[in-house]
Amino acid sequence: MQLLRFVPIKLTAFLILGILIGSFFRPNISTALISTIVLITALAVIFFKERNRKGIVFGCTTFLLTISIGILTTALSNTKNLKSDYTNFENTKTT
């Protein structure tokens with residue numbers, strides 16, 4: 001498994017995993033956005049804190065962030081989360 005040593009292949013696999021998780025569990029936009037922002041902030045703190053050495057925490061946070069980006073992608077592409085979707089309109093017509 002020489003291919004799994006390349007970082008882009010690992011990140012692509014975790015992005016696909018995040019897309020699959022997002023398509024099965026259908027999270028709302030706010031939950032996915034908040035988790036992505038929290039993980040970006042955590043990654044920035046870890047990056048500046050461990051300037052010279054990047055440990056296992058940095059790698060795990062990067063993979064969690066990639067999964068969260070995949071979940072956010074599916075949440076943003078789901079039209080039911082939009083206010084202008086036809087399923088979110090109320091029928092106000094009375095006869």
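**Helix packing and aromatic pairs in a three-helix chain**

Ala 42 is found in helix α2, and this residue makes a handy starting point for a walk through the model, which is a predicted one. With a relative accessibility of 29%, Ala 42 counts as partly exposed. Its C-alpha atom lies 9.4 Å from that of Leu 65, a residue 23 places away in sequence. Both Ala 42 and Leu 65 belong to the contact between helices α2 and α3, to which the description returns below.

The overall layout is easily told. The protein chain holds three helices and zero strands, and from the N terminus on its elements run α-α-α. Of the 95 residues in the chain, 23% are buried. Among contacts between residues at least 6 apart in sequence, 71% join residues at least 24 apart.

The packing of α2 against α3 comes next. The axis of helix α2 (residues 29–49) comes within 9 Å of the axis of α3, and the two cross at roughly 155 degrees. Since an angle over 145 degrees counts as roughly antiparallel, α2 is roughly antiparallel to α3. The crossing itself is left-handed. On the α2 side, the residues that meet α3 are Ile 29, Ala 32, Leu 33, Ser 35, Thr 36, Leu 39, Ile 40, Ala 42, Leu 43, Ile 46 and Phe 47. Their partners in α3 are Val 57, Phe 58, Thr 61, Thr 62, Leu 64, Leu 65, Ser 68, Ile 69, Ile 71, Leu 72, Ala 75 and Leu 76. Sorted by class, this contact of α2 with α3 has 18 nonpolar and five polar residues, and no charged ones.

One of the polar residues in this contact deserves a closer look. Ser 68 lies in helix α3 and is buried, with a relative accessible area of 5%; the cut-off for a buried residue is under 20%. When neighbours within four places in sequence are left aside, Ser 68 is in contact with Ala 32, Ser 35, Thr 36 and Leu 39. These four residues are also listed on the α2 side of the contact with α3.

Helix α3 also packs against α1. The axes of helix α1 (residues 7–25) and helix α3 (residues 56–77) come within 7 Å and cross at roughly 45 degrees. The two helices are therefore oblique to each other, and their crossing is right-handed. From α1, the contact draws on Lys 10, Leu 11, Phe 14, Leu 15, Leu 17, Gly 18, Ile 19, Ile 21, Gly 22 and Ser 23. From α3, the contributors are Thr 62, Phe 63, Thr 66, Ile 67, Ile 69, Gly 70, Ile 71 and Thr 74. By class, the contact of α1 with α3 has ten nonpolar, seven polar and one charged residues. Thr 62, Ile 69 and Ile 71 of α3 take part in the contact with α1 and are listed in the contact with α2 as well.

Aromatic side chains add further detail, as the structure holds three aromatic pairs. In one of them, the ring centres of Phe 14 and Phe 63 are 4.5 Å apart and the ring planes stand at 25 degrees, so the pair is stacked. Because Phe 14 lies in helix α1 and Phe 63 in helix α3, this pair ties together parts that are 49 residues apart in sequence. Phe 14 is partly exposed, with a relative accessible area of 27%, and Phe 63 likewise counts as partly exposed, at 23% relative accessibility.

Another pair has its ring planes at a steeper angle. The rings of Phe 47 and Phe 48 have centres 5.3 Å apart and planes at 75 degrees, so this pair is edge-to-face. Phe 47 is partly exposed, with a relative accessible area of 33%, whereas Phe 48, at 53% relative accessibility, counts as exposed. Together with Phe 58, these two residues form one aromatic cluster. Phe 47 and Phe 58 also appear in the contact of α2 with α3.

One further phenylalanine rounds off the picture. Phe 25 has its place in helix α1 and, at 67% relative accessibility, counts as exposed. The C-alpha atoms of Phe 25 and Ala 75 are separated by 9.8 Å, although the residues are 50 apart along the chain.

Technical notes:
Residues numbered from 1 in each chain as written. Predicted model: local features only at pLDDT ≥ 70, side-chain atom pairs only at ≥ 80, totals over all residues. Heavy atoms only, no water. Axes fitted to C-alpha atoms, helices over the stretch in contact; angles between N-to-C directions. Parallel < 35°, antiparallel > 145°, perpendicular 65-115°, else oblique. Left-handed = near helix turned anticlockwise from the far one by under 90°. Contact = heavy atoms within 4.5 Å. Nonpolar A, V, L, I, M, F, W, Y, C, P; charged D, E, K, R; others polar. Phe/Tyr/Trp six-rings, centres within 6.5 Å; stacked < 30°, edge-to-face > 60°. Buried < 20%, exposed > 50% of the residue type's maximum accessible area, 1.4 Å probe, protein only.
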